[in-house]
Amino acid sequence: MSTPGGSRPGPVSRRTRYDLGRDELSELLTGEPAYRVEQVWDGLYRQGRTVSELTNVPKALRERLAAQLPTALDEVTRVTGDDGRTVKFLWALDGGSRIETVLMHYDERSTVCVSTQAGCAMACGFCATGQAGFERQLSAGEIVEQVVMARREAGDRRISNVVFMGMGEPLANYDRTWEAVHRLHDDIGIGARHLTLSTVGLVPGIRRLAVADLPVNLAVSLHAADDELRDELVPINRRYPLPVLVEACRDYVDRTRRRLSFEWAMISGVNDRFEDAARLADIATDLRAHVNLIPLNSTPGYAVRGSSRNRVQAFAEDLRRRGVNVTVRDTRGSDIDAACGQLRAGHEATAVAPPARRR
Ligand code: SAH
């Protein structure tokens, strides 16, 4: 829990392809015709091309750009599940850390789930990333490149949504995450309402988000609606207990008029009792928040199991009766260890030859 407010910069890697802003690209292209900046920017961001695919740019320049704009993500593996509807990538970063990205196809749209940190310092016991601890912050470019790469994989299917629900705590890497939000919005063209930041409940970050310049969606990983249980499940609750968190959420909703959602991983016998539903309903109806129930994915470091299907349904029904708007999230990727750091955990012992760099 070293960076609760996200204000302290953590170590990041060298600058990579999508870390550069337009101004820096102009600088890099000094001496070239002015239209090259737009050409390269358009190719990299809007069309998601690699430098070698920028065929409207002279070869010598392409070679220079490939050398000066290194890519951030080296593919370690990619796995496909749910009959091709879920693709999960494991990437190696500069310095050796590994992160995951998930691409999920739905009927009308596709969603990318990105990581914002290598590892996580929040130490939630049921989360595979939390069990492994914090490694380093991701740069904005490392976050954006995950979307660019997923979009390449998606081909003709449009990426309509990006959720910041992969590894790490976005609000503990606030500035770089926000820069990535802007790139996705301004340059890749994803609307603010199709961008969702998920947080463990870092109150200073929620307060910053309430006055930020893009109305993105906020999801708060609640998981417990009383302090005693939440202290245990989500240790940062000891620093920002429920009354403080709820006030920050209220302020966020009042200022932004955006809908808030609460995430609730259903853990058998721990937070799936009717008394939990009653407490959760009090908070959710008060804030008019939407509740997302996530059946717990089991992880090696956490002995308790997820709630049964029946229990999840009964809990959802109970919340509905109490006036709460509820959805049960489908557990995408559980057949391919796609949930929450599990692919990386499963690959820890595997030696992988460094793949060829993309140019
Ligand atoms: N740090 C952020 C975002 C990453 S986790 C956050 O906590 O919100 C994304 C969501 O997955 C969170 O709601 C998290 O609590 C949940 N999660 C983590 N491990 C899980 C598991 N084993 N099963 C189900 N959900 C899990």
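Biologist: What does the polar side-chain atom of histidine 223 lie 2.5 Å from?

Modeller: An oxygen atom of the ligand. Before going on, this is a predicted model, where local features need pLDDT of at least 70, side-chain atom pairs count only at pLDDT 80 or more, and totals for chains, interfaces and linings use all residues. Residues are numbered from 1 along each chain as its sequence is written, and side-chain values use heavy atoms, with hydrogens and water left out.

Biologist: OK. How many residues surround the ligand?

Modeller: There are 18, counting a residue if one of its heavy atoms lies within 4 Å of the ligand. The closest are Gly168, Ser198, Ser221, His223 and Asn297.

Biologist: And how far is the side chain of serine 198 from a ligand oxygen?

Modeller: An N or O atom of the serine 198 side chain is 2.6 Å from a ligand oxygen atom. For serine 221, a polar side-chain atom lies 2.6 Å from an oxygen atom of the ligand. A polar contact here is a pair of N or O atoms within 3.5 Å.

Biologist: Switching to helices. At what angle do helix 5 and helix 6 pack?

Modeller: About 40°, with the axes 8 Å apart; helix 5 covers residues 140-154 and helix 6 residues 174-186. Axes are lines fitted to C-alpha atoms over the stretch in contact, and angles run from 0 to 180 degrees between N-to-C directions. Helices are DSSP runs (H or I, at least four residues), numbered from the N terminus.

Biologist: So what do you call that arrangement of helix 5 and helix 6?

Modeller: Helix 5 and helix 6 are oblique to each other. Angles under 35 degrees count as roughly parallel, over 145 as roughly antiparallel, 65 to 115 as roughly perpendicular, and the rest as oblique.

Biologist: Which residues of helix 5 make that contact with helix 6?

Modeller: Ala140, Ile143, Val144 and Val147 of helix 5, against a set in helix 6 that includes Arg176, Ala180 and Leu184. Contact means heavy atoms within 4.5 Å.

Biologist: How do helix 2 and helix 5 cross?

Modeller: At roughly 75°, with the axes coming within 10 Å; helix 2 is residues 35-46. Helix 2 and helix 5 are therefore roughly perpendicular to each other. Leu44, Tyr45 and Arg46 in helix 2 meet Val144, Val148 and Arg151 in helix 5.

Biologist: Last one: how far apart are the axes of helix 10 and helix 11?

Modeller: They are 9 Å apart, and helix 10 (residues 274-287) packs against helix 11 (residues 309-321) at about 40°. Helix 10 and helix 11 are therefore oblique to each other.

Key
Helices (H or I, at least four residues) and strands (E, at least two) are DSSP runs, numbered from the N terminus. A polar contact is a pair of N or O atoms within 3.5 Å; within protein, one must be able to donate a hydrogen and the other to accept it, and residues adjacent in sequence count only if both atoms are side-chain atoms.
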